[in-house]
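Subject: Structure for you to look at

Dear colleague,

Here is the structure I promised to pass on, with the sequence alongside. Please open both before you read my notes, which follow below.

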Amino acid sequence: MFLMNQVVDFHRGIPFFTNSNPNINSLKIPSQKSCFFRPNRTVYKIKRRSRSILFSPPVNNKPVGQSEHSLVEKDRVCDGGQFTAFPHIQSLRNFPKEELFGKVVLVRFDAVILLHGNLSPPANAFSTIKYLYEAGAKVILVGSWNKNTGSNESVAGFLSSNLGIQVVPVHSDVENSKKAGSILLLENLFGFKEERANCLKLAKELAYGVDIIVNDAFSESHKVLASTVGIARFSYAYIAGFYFEECLYKLKKITGTTEKPYFAIIGGGNFADKADALRFLVSKCDGVIFVGKMAFQIMHALGVRVPMKLLELGALEEAVSIMEYAKSRNIPLVFPKDVWCIEDHAPKKMEVFSVNSILEGWQPVDIGPRSLEEMILLLSGCKKIMWIGPLRFSSSKQDKGATFKLAEAVGTLSSCTTTYVGKMEFEKLQGKSTFFSNDNVLRSAAVVWEVLQERNLPGLMALDRAYPFTVDWGVSYSDPMRPLVVDIGSGNGLFLFGMASTRKDMNFLGLEMNAKLVDRCLDDVRQLGIRNVHFITTNATSTFWSIVSSYPGELVLVSIQCPNPDFNKPENRWRMLQRSLVEAITNMLIFGGEVFLQSDIEAVAVRMKNEFIEYGKGKLVISEHSHDVATNDNVEWLKENPFGVPSDWEKHVLDRGNPMFRLLLTKVES
């Protein structure tokens, strides 16, 4: 396989893409705050206190607001009341465009981009690639598509035609891969068992030489794949593309439950396999209509005579359970009263039968006219409808059967939001009706079924996180324009409380993963009436940028003190210190701003120092110390805390008589 380790020269080459200003207008998602690196400003010198300062906070009583702690909340972008909680993720839309220039970006595209036929490929699937290319990134594509779709060469040609940019299949022409103006296409992953096994070796090869990975393969987010899950371990920035974000928005929209009445229309079969999802729908919706083979499992549970060939093994017990649950909630489970059937030996012959009088040798293929009329009447007052699954009980030659007419009727309802979930059926129907389009069709039925069963989507969970709230800095601080000090992993807040009590001219922010510690610190803030210190529960590794970039003042100091050595192992994907965090800190610090690092374990301190020097883009240098230092292995460690205020763990280590390994870095103009 031709992977990233074979295009290392491409990574090291001179940037040759042009930079322009594309207009991405097709992404229909409510705007959220953008997170951009703040331009460098003037130096604000931090006056260090003497090392003998003692912690002595003031004692008065004044409440302070701002109590958002959770990184994962029930999303309110759509209409609230979600079935389930979705993590807030970093997306290309909120990634600083200037940071893309010259970067090698691997795009895991969705096979839906290769659709041929009535339903055109979604515009945002192409927008992701175009946007990256026009921002000056070196774009490399990788995907997994059925071999019947075509060879690498034919797929590259199709993409070139739709993008208006040359796409080169790497394995066929290595020299062409270095040609200015081209996008690379890696080998099809479809035939690689390592992809489906989430093989870390394959994931590492895919990520070799890559700066940023963009996941646009939403339809495969329910799978654990090397190219969507394993690869996260080897990337410093792993974000969602425009198409992934658009599909996630649609998924959130169909799982919102505040618009009522909300009905679900279910097609297809495999009742037992989908029982958990159906039970969940019954718990949330105001009614469920069955227009496929699942209807006969409900009928059987109700005691209606059903031909044996229509019953599914193991479905009866689940159907009885779901029926009783619906009865307890007083919501209807609707199934057809009559059906169109074809004769087994004369498939062109069709007749309407009552569901309890289907003759031997006849096969139901569609809902009947009476059922169509009753279902349309029942749905006429709905505010929200989700249709998931195929439109018929089985394959049929009818172009516009009764179920199709029901789907059309649902699409014409005024003041009703309708989403059709599925792929093949709705692709075929778009050319026959204007009611099916990319705007109201979500192709990834397997993904939706997974969510309805209250399962996590591995491809979604692997993406970098974003902080889900907009911080009201005016509530957190009495003056949000003061210089800001951020302590990452603030623990019980001893360091920040001590600093805040001595530096009233600055604001202090603690970012800590332990919600209980943050709650305790916020309670202390309220009781003491301190208006220059605040704490947020978050994983700063992935959310530092989205939180601090919204602060209106200048970032003058960032401290990372005593990170957990096990959590900080290099092989840990979610370790505290990653390249993305180092680069975010470096970019947002003002010139003259400082980074304070310390640990009681020298190997951890050395690793932190090395990563800041390596990924600091030449802008971070070890400060010239005006006081004594301890030299060990050619590293000059500070003997004393330069701010005179110990953290809780530092105090514990020093009380035991053990050393601390400290370092101060300063941002300079490179």
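Helix α3, which covers residues 152–163, lies across β2 (138–142), β3 and β4 and runs at about 175° to β3. Please keep in mind throughout that this is a predicted model.

The strands under that helix belong to an open sheet of 6 strands, paired in parallel and ordered β3-β4-β2-β1-β5-β6. Its edge strands are β3 (167–169) and β6 (238–240), each of which pairs on one side only, and neighbouring strands of this sheet are turned by 25° against each other on average, if direction is ignored. Where β3 meets β4 (residues 183–185), the two strands pair in the parallel sense over 3 bridges, and within that pairing Val168 has Leu184 of β4 as its bridge partner.

The chain also holds an open sheet of 6 strands with the order β9-β8-β7-β13-β14-β15, and here too the pairing is parallel. The edges are formed by β9 (333–334) and β15 (441–442), which each pair on one side only. Further in, β13 (residues 384–388) and β14 (residues 417–421) are joined in the parallel sense over 5 bridges, with Ile385 standing opposite Thr418 in β14. Helix α7 (residues 275–284) packs on this sheet, where it touches β7 (262–266), β8 (287–290), β9 and β13, and its direction makes about 155° with that of β7. Helix α10 (residues 369–379) lies across β7, β8, β9 and β13 as well, running at about 155° to β8.

As for the chain as a whole, it has 21 helices and 24 strands, and of its 670 residues 58% count as buried. Among the contacts with a separation of 6 or more, 79% are between residues 24 or more positions apart. The chain exposes about 27,300 Å², of which carbon and sulfur atoms supply 50%.

Since you may wonder about the cysteines, the structure holds 0 disulfides. Why does Cys285 form no bond with Cys382? The closest cysteine sulfur to that of Cys285 is the one in Cys382, and because the two are 9.7 Å apart, they are too far from each other for a bond; a disulfide would need the sulfur atoms within 2.5 Å. Cys285 is buried, with a relative accessible area of 0%, and Cys562 also counts as buried, at 16% relative accessibility, because the cut-off for buried is under 20%.

With best wishes

How values were computed: Residues are numbered from 1 along each chain as its sequence is written. This is a predicted model: local features need pLDDT of at least 70, side-chain atom pairs count only at pLDDT 80 or more; totals for chains, interfaces and linings use all residues. Side-chain values use heavy atoms; hydrogens and water are left out. Two strands pair if DSSP finds at least two bridges between them. Helices (H or I, at least four residues) and strands (E, at least two) are DSSP runs, numbered from the N terminus. Axes are lines fitted to C-alpha atoms, for helices over the stretch in contact, and angles run from 0 to 180 degrees between N-to-C directions. Contact means heavy atoms within 4.5 Å. Buried means under 20% relative accessible area, exposed over 50%, partly exposed in between (1.4 Å probe, protein chains only). Accessible areas come from the Shrake-Rupley method with a 1.4 Å probe; for residues, only the protein chains shown count as cover.
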